[in-house]
Amino acid sequence: MSNPSAVIVLAAGQGTRMKSATPKVLHTMCGLPLVGHAISSAYEAGAADVVVVVRYQRDRVVEVVKALDENVLIADQDEIPGTGRAVQCGLNSLPNTLTGTVIVTSADVPLLEPETIQQLHALHETNQNAVTVMTTIVEDATGYGRMVRDHGALVGIVEHRDATEEQLEIKEINAGIYAFDAEFLRTALGKIDTENDQGEVYLTDTVAIAVKEGRRCGAFILEDQWQAQGCNDRAQLAELRDEMNRRILNQHMRAGVSIVAPCTTHIDVTVEIGPDAVIEPGTILEGDTVIEPYAVIGPNTTLRNVQVGTGAVITHSFLHDTEVTEGTVVPPFTYQNN
């Protein structure tokens, strides 16, 4: 199975419900901005190219994206609204000879895992679909696009605001993540108009186009609903951060790290910890921190960009941008940098 030819990450929106001067996609979570998690997952899934579509505070977002990975391609969305137009702008930044599978994700869905992108891609190519939509089943589908089926076959996606009373009862929702045949996507986007309630170019209309043309459509049903959860306000950001932190801690514990009180411990996704290290309650580990085996960190300690040697002990301290050599016992209540 080949890797995706490209991943297009949608990051053009302002995110007004964040009530912030900072673009939504630049709000941080567990060591990376939201858009950084999307970029990381795309590359880890094997994408040959990653395109980030920008508009709101364009220069600010581009600066952060390029600092994360200078190889990321940038596409500017113009004044035409809608996800379909955003994807079209992203696709235009890639060679017009591009073939294979194009994955579309969103910068505000930070828990989407590389393995899930790979599974979506594999299903898409195995079934030779023109479009495969990632979906999930929820009890309350308010606000989400509904998956419309005919005798089990996917025939369309209807936005909540455009749905009939019958369609509003559907529990299978659009997760906003797609796999497309590149050639189909290119031609389908040219056929979409803005004849809908919001006057936008809906990416979801590609499904109806594929059905009309007799092309295969499919759905990848995601059981882990967290991976489809978007971030629209500060409360959702906190919920997603807690869930990502829980997953990070579980990964470290399964790798042989002792975390005494997970409920009071916070570790960035960028942190590395060796086996048999002990993380005591109230510990925060941030940035490019590396902790070697048998070190003891905490309680009530914050480390930011700190290299900790084997068997070192650091308690009740705040250290950043420094190194603690092997076997060192740092005196309690130490503040140290460099």
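A salt bridge is a side-chain nitrogen of Lys or Arg within 4 Å of a carboxyl oxygen of Asp or Glu. Keep that in mind as you move around this predicted model.

**Stop 1: Arg-149 and Glu-172**

Select Arg-149 and Glu-172 and show their side chains. They form a salt bridge, and their closest N and O atoms are 2.8 Å apart. This pair links distant parts of the chain: Arg-149 belongs to strand S8 (residues 146-150), while Glu-172 belongs to strand S10 (residues 172-181), 23 residues apart. Now turn on a surface. Is Glu-172 buried or exposed? With 8% relative accessibility, Glu-172 counts as buried. Its partner Arg-149 is partly exposed, with a relative accessible area of 35%.

**Stop 2: Asp-76 and Arg-58**

Next, select Asp-76 and Arg-58. Here is another salt bridge, with 2.7 Å between the closest N and O atoms. Follow the chain and you will find Asp-76 in strand S5 (residues 73-76) and Arg-58 in helix H2 (residues 58-68); the two residues are 18 residues apart, and the pair links distant parts of the chain. Asp-76 is partly exposed, at 41% relative accessibility. Arg-58 is partly exposed too, with a relative accessible area of 31%.

**Stop 3: Glu-286 and Arg-304**

Move on to Glu-286 and Arg-304. Their side chains meet in a salt bridge, 2.6 Å from N to O. Once again distant parts of the chain are linked: Glu-286 sits in strand S16 (residues 284-286) and Arg-304 in strand S19 (residues 302-308), 18 residues apart. On the surface view, Glu-286 is partly exposed at 22% relative accessible area, and Arg-304 is partly exposed at 33%.

**Stop 4: a network of charges**

Which residues are linked in a network of salt bridges? Select Glu-113, Asp-224, Glu-243, Arg-246 and Arg-247 together, and you have the network. As for the full tally, the structure holds 11 salt bridges. In general, side chains of opposite charge can pair when their charged atoms come close.

**Stop 5: an open sheet**

Switch to the cartoon view. Five strands form an open sheet, in the order S12-S15-S18-S20-S22, and their pairing is parallel. Colour strand S12 (258-259) and strand S22 (329-330): these are the edge strands, and each pairs on one side only. Then zoom in on strand S20 (residues 313-314). Two bridges join S20 to S22, and these strands run parallel. Which residue stands opposite Ile-314 in S22? Select Val-330 to see the partner of Ile-314. In general, strands of a sheet pair through backbone hydrogen bonds.

**Stop 6: stacked rings**

Now look for aromatic side chains. The count comes to two aromatic pairs. One of them is Tyr-178 with Phe-180, a stacked pair with 5.6 Å from centre to centre and 25° between the planes. Both Tyr-178 and Phe-180 are buried.

Phe-318 and Tyr-335 also form a pair: their ring centres are 5.7 Å apart and their planes lie at 10°, so the pair is stacked. Phe-318 lies in strand S21 (residues 318-324) and Tyr-335 in strand S23 (residues 335-337), so the pair ties together parts that are 17 residues apart in sequence. Bring the surface back: Phe-318 is partly exposed at 26% relative accessible area, whereas Tyr-335 is exposed at 56%.

**Stop 7: the cysteines**

Select Cys-30 and Cys-231. How many disulfides does a search of the whole structure find? It finds zero. The closest cysteine sulfur to that of Cys-30 is in Cys-231, 12 Å away, which is too far for a bond; a disulfide needs the two sulfur atoms within 2.5 Å. Cys-30 is buried, with a relative accessible area of 8%. Another cysteine to select is Cys-89, which is buried with a relative accessible area of 9%.

**Stop 8: Gln-57 and its surroundings**

Finish at Gln-57, in the loop between strand S4 (49-54) and H2. Gln-57 is partly exposed, with a relative accessible area of 27%. Which residues does Gln-57 contact, leaving aside its neighbours within four places in sequence? Select Ala-21 and Pro-23 to see these contacts of Gln-57. Then select Gly-13 and draw a line from its C-alpha to that of Gln-57. Although Gly-13 and Gln-57 are 44 residues apart in sequence, they are 9.2 Å apart in space, C-alpha to C-alpha.

Methods. Residues numbered from 1 in each chain as written. Predicted model: local features only at pLDDT ≥ 70, side-chain atom pairs only at ≥ 80, totals over all residues. Heavy atoms only, no water. Pairing = 2+ DSSP bridges. Helix = DSSP H or I, 4+ residues; strand = E, 2+ residues; numbered from the N terminus. Buried < 20%, exposed > 50% of the residue type's maximum accessible area, 1.4 Å probe, protein only. Phe/Tyr/Trp six-rings, centres within 6.5 Å; stacked < 30°, edge-to-face > 60°. Contact = heavy atoms within 4.5 Å.
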